[in-house]
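Student: Before we turn to anything else, please take me slowly through one part of this model and then through its surroundings. I would like the cut-offs spelled out as each term comes up.

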Amino acid sequence: MAHDVVITGIGLLCSLASSAQALYENVINNRKAYRTVRLAREPFQKEYPASLVDLSQVPLPSSPNLRKMGRASLFALNAAQSALDDSGLRSAGLEETGLVIATQSGELNNIEQFYLSFFNDGPSGASPFYFPGTVLNITGGFVGIHYGIKGPCHTFSSRETTGLEALGYAWAAIRSGSCHRVLVIGTEELSPAFMRAYQDIGIIAGSEDSEPFRRAVAAEGACALLLEDKDSALQRKAPVHATIEAVSKRQDSLSNGRFDLLISGKNGYGPLDSREDAFTSSLSIPRHLVFKPLTGEFFGASGLFATALGCVSPEGHVLVCSCDTMGAFSAVSLVKP
Amino acid sequence: MTQTVVITAADIITSNADSYHSFASALETGISVSRVPSSFDTTGLAAHKGFFIPSTYAPAGTNREELDRHLLTHLISRNSDTLPRNWQSADLIIATTMGAGITGQSLIRRAYTCEEYSFSREEVVPSFSSSIAEYMRERLQMSGTSLTVCDACASGTSAIGIARQQILAGMTDCVIVCGVNILFEMPFYGFSSLRLLAPDVCAPFDLYRKGLILGEAACFLYMESIEQAQTRGAAILAEVAGYGASGDADHITAPQKRGDGAARAMRNALRDARVSPDSIDYINAHGTGTKFNDLAETHAIKQVFGNQCSPPVSSTKSYIGHTLGAAGITEAIASITALNTGLLHPTLHLTTPDPDCNLTHISIEPRYQKIRTVMSNSFGFGGNNAVVILKKHEGAS
């Protein structure tokens, strides 16, 4: 028999907010997260509208591995702590918990630093300090080590739909009974080469663009959701933010639902926005929350940010939608208690 | 919903083979070919060798930057006649560690050296891990969903396990699971910087082993429900009987010394397959040839199977090197050949078994033995552990 899956913990970190409720309030009050930033690394310095996290203002748990962690892993650690605190779960009870990381690019700045180490100094100059950060599952490793998470651990890497793909995996794992609890974390950081390349091909806005942007604004941050088997959650009197009714990557599977709210994945980039419109135009959903023009595009983490917003919105039946620039699609249906 | 997931097609290209059958033959005859790379510099490194796919195995005109996606597309295309008619609606799971690394490396190099350069879509889009799946879906006109799994060296086995879970859950009828690894500067220099590369041979579990040798591979498995396979009269290569995964929660690159996490993954797989350790006829080890991995894996196997006598064990990496994200799938294919031919390949170069790795090794010469159940292990950076159990299906060819 399939188990019901609930979300019992939400944690997030971005420049606009460090809680789902604060993020929702800022979004509905039209507050923007981004400003013009200069990603300063020689030999080029360019300016972009972007949403960067100021790590100096972020409380981080104490960890012997902290100095090895790239920004994406630090964001993930902060978001995970918030989600666990929110769920009332002590770290001592996490051994059997699963862990899924969603990221498009991983520790981008460490990846670039590793490349620079041998671009500059030849093969033997390659840095052993930065090399582990080039493997995308490193964030899962750091989070698993910090919290003693010893259940199945996976890292998925696609584009904007990755977050909901990770959520879908965790949902299916709990429904089947193979896990009782999974921590799902989406995390993304920005780097000079990434920003430059994405701006050159017109996906993100650059300093020459003026508002309203016809492209996405890049954002970094992390969002963590703790998913549990409903019976276990109720047994330990955990807060239940929402029940995940369904997750799907097929556009026809959720088209019969009656939803009160759509959390949109539109980010201002025309081809992506058109894809979502093609799916949602046939659904009669009375309210749409389009958050990315305010928060920025979190890429692999964005589906989890969207789900967090869906959890704290007042509506009872929420559809969270995510399309990517290459045609992939993912959606999740939430039901509030 | 089905209770049984099977593999009905498989193909592979490696440094020693350009097909499934030539791979099986190479495992029997001991063919293993490593060489110094011709496409990048290894000056100043302690180790220079890798297991590279010969250029003659790739479609004509393929450049190295696109080799990963071209090889996988080529493999699927040349098997399309033997796949089911609706194979293009199958879901696609790509297992990779470095993903689209060569194109990403080129992009970063250009970004930092050419201030006035303007990037094109053709350069940027392929630089992400998911671009392999995107390329394949477009070229092969595949309409199913796709997923890119990046669990380091456990990616391949994780991908098999995830596909199995999705089919059992009724989320999909069939999955094409692909693994690919193409060597370039980044992984080579990176593993060298961690002093993990062997300068001469890969000799897993040997007392004098000096490390791993990296390898290239492209491979796929077609997985589906047994009902679907039987309806169309497909030959069943193996049953994916069980899958187990765990995290070490110990160290970011080294395995947990006692092998506790790995043992947990093995036990989870046995439980999932509903078999006891006694049922395992052969273990295809992760067996990288590094001091720490081989020792940790030995401890893990002993925890699960007892101290006295393990099932026969060998490492495919001694033939084709460590193919990183593709390793789990190459080793599943080696396990499938073992199930169907009774040939258990040896661990090459295992001439002086390490007394601390005292397992039942198959070394030097192959062993011929009818087997029914194989365990295949994969353990990766970040403490990712994944284990799959494959069974011979009654009536399998």
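Student: Where in chain A does A:Pro212 lie?

Tutor: A:Pro212 lies in the loop between α6 (192–200) and β7 (218–219) of chain A, where helices (H or I, at least four residues) and strands (E, at least two) are DSSP runs, numbered from the N terminus. The model is predicted, so local features need pLDDT of at least 70 and side-chain atom pairs count only at pLDDT 80 or more, while totals for chains, interfaces and linings use all residues. Residues are numbered from 1 along each chain as its sequence is written, chains are lettered from A and ligands numbered from 1 in the order in which they are written, and side-chain values use heavy atoms, with hydrogens and water left out.

What marks this loop is its backbone: the peptide bond that leads from A:Glu211 into A:Pro212 is cis, with omega near 0°.

From β7 the chain can be followed to A:Glu220, which sits in the loop between β7 and β8 (221–229). A:Arg71 forms a salt bridge with A:Glu220, their closest N and O atoms being 2.4 Å apart; the term means a side-chain nitrogen of Lys or Arg within 4 Å of a carboxyl oxygen of Asp or Glu. The pair links distant parts of the chain, since A:Arg71 belongs to helix α2 and stands 149 residues from A:Glu220. A:Glu220 counts as buried because its relative accessibility is 0%, whereas A:Arg71, at 25%, is partly exposed; buried means under 20% relative accessible area, exposed over 50%, and partly exposed in between (1.4 Å probe, protein chains only).

Strand β8 brings in another such pair, as A:Glu228 forms a salt bridge with A:Arg181 at 3.4 Å between the closest N and O atoms. Here A:Glu228 in β8 is tied to A:Arg181 in strand β6 (residues 181–188), 47 residues apart, and both residues are buried. Salt bridges that share partners then join A:Arg181, A:Glu228 and A:Arg236 into one network.

Helix α2 (residues 71–87), the helix of A:Arg71, also holds A:Ala83, which counts as buried because its relative accessibility is 0%. Apart from its neighbours within four places in sequence, A:Ala83 is in contact (heavy atoms within 4.5 Å) with A:Gly9, A:Ile10, A:Gly11, A:Leu183 and A:Ala224. One of these partners, A:Gly11, is 72 residues away in sequence, yet the two C-alpha atoms are 4.0 Å apart.

Chain A in turn meets chain B, with 69 residues of chain B in contact with 59 residues of chain A. Together the two chains bury about 5,200 Å², 64% of it on carbon and sulfur atoms; buried area is the accessible area (1.4 Å probe) that two parts lose on being put together, summed over both. B:Tyr112, B:Phe128 and B:Ile252 supply 15% of the area that chain B buries against chain A, more than any other three residues. The rule finds one salt bridge across this interface, and the side chains of A:Arg159 and B:Glu134 meet in a salt bridge of 2.8 Å, N to O. Both A:Arg159 and B:Glu134 are buried. Over all chains, a search of the whole structure finds 23 salt bridges.
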